[in-house]
Amino acid sequence: MERTNDSTLTEFVLVGLSAHPKLRTVFFVLVLWMYQMILLGNGVLISVIIFDSHLHTPMYFFLCNLSFLDICYTSSSVPLILDNFLTVRKRVSFSGCMVQMFLSFAMGATECVLLGMMALDRYVAICYPLRYPVIMSKNTYVPMAAGSWVIGLVDSVVQTSLTMQLPFCANNVINHFVCEILAILKLVCADISINVISMAGSNLIVLVIPLLVISISYIFIVTTILRIPSTEGKCKAFSTCSAHLTVVIIFYGTIFFMYAKPKSKSSVGADNQDIIEALISLFYGVMTPMLNPLIYSLRNKDVKAAVKNMLGRRNSDGI
């Protein structure tokens, strides 16, 4: 353990899987492949939505924001994770660690709020189909998406600022792959009750409230779908929401496990527990962004048609 104090702390040491060299090689290859799939899948989805005029609707506007968020989130952490797998004890400067933590937290918080906005969009589309174009006009869905970004960025500024003011007088070794806020708070020797309260408030704003919005929206959506007389109509209505619901379950299920209970002391758990939490965090940070474009495109006829048109246009241009 590397001893330090708040006046001399200039860097953190990321341990990651340093005690498991064989796993480091396996995870390096796996995460590198997943990161490439994230960039490819979400990049193609963004391109298709931008260049196909048929997809210029509120739902696909939100989806475009979601894909861009996934690229930003993974790009803020995956390069550091890959470097960690290649280095036994990765050293990161204090400022570099705080910047990475800020970006990751901001993108994660923004995505939480954005998923809530997407649920509202699906609620209006299913429950008020005739009024949908009027209610979800450009003057409505653009501020909704922008508000998601603002809330995420402001929340991250608050959490990062509070963390930077804490004294790290115990050690500077982080049992994680990246500079993750809960792992960093375990290194603090002072009272972090303010941080705990702040994290609880953050959980309420970016986790609980959006999840309540999603839950209430889907209660009304399911009620409306069940009233549709034809089976075909029910299946068609549910298919427009199934992708979003799948993403919500994966995303919120993992993030609640990680952030719903902020810990106030470093004595909570041993190194094995820290590694398990880090691996779960890795799943949340890499697996979900990789699955999102697949989930939204596999059962989406509009996206499939748009991809085929784009590929066909490129082939004709090449000929």
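In the predicted model, a nonpolar patch lies on the surface and is formed by Ile151, Leu204, Ile205, Val208, Ile209, Leu212, Ile216 and Phe220. Together these residues present about 680 Å² of accessible area. Helix α7, which spans residues 193-226, supplies the largest share of the patch, with seven residues. Phe220 is located in helix α7. The relative accessible area of Phe220 is 45%, and this residue is therefore classed as partly exposed, since that class lies between the limits of 20% for buried and 50% for exposed residues.

A second surface patch is positive and consists of Lys236, Lys301, Lys304 and Lys308. Its largest share, three residues, comes from helix α10, which covers residues 301-318. Lys236 is placed in helix α8, made up of residues 231-259. With a relative accessibility of 63%, Lys236 counts as exposed, because the cut-off for that class is over 50%.

The protein chain contains 10 helices and three strands. Along the sequence, these elements are arranged in the pattern β-α-α-β-α-α-α-β-α-α-α-α-α. Of the 319 residues in the protein chain, 48% are buried.

Strand β1 (residues 11-14) pairs with both of the other strands, as follows. With strand β2 (residues 90-93), β1 runs antiparallel, and four bridges join the two. Within this pairing, Glu11 is opposite Ser93 of β2, and Phe12 is opposite Val92 of β2. With strand β3 (residues 173-174), β1 pairs in the parallel sense, over two bridges. Here Leu14 is found opposite Ile174 of β3.

In a regular strand, side chains alternate between the two faces of the sheet. Such alternation is present along β2. Lys90 and Val92 point to one face and are buried, whereas Arg91 and Ser93 point to the other face and are not buried. The residues of β2 that stand opposite β1 thus include one from each face: Val92, across from Phe12, is on the buried face, while Ser93, across from Glu11, is on the face whose side chains are not buried.

How values were computed. Residues numbered from 1 in each chain as written. Predicted model: local features only at pLDDT ≥ 70, side-chain atom pairs only at ≥ 80, totals over all residues. Heavy atoms only, no water. Patch = residues over 30% accessible without salt bridge, like charges linked within 9 Å, V, L, I, M, F, W, Y side chains within 5 Å. Areas by Shrake-Rupley, 256 points an atom, 1.4 Å probe, with all protein chains shown as cover. Salt bridge = Lys/Arg side-chain N within 4 Å of Asp/Glu carboxyl O. Buried < 20%, exposed > 50% of the residue type's maximum accessible area, 1.4 Å probe, protein only. Lys, Arg positive; Asp, Glu negative; His and termini not counted. Charge placed at Lys NZ, Arg CZ, Asp CG, Glu CD. Pairing = 2+ DSSP bridges.
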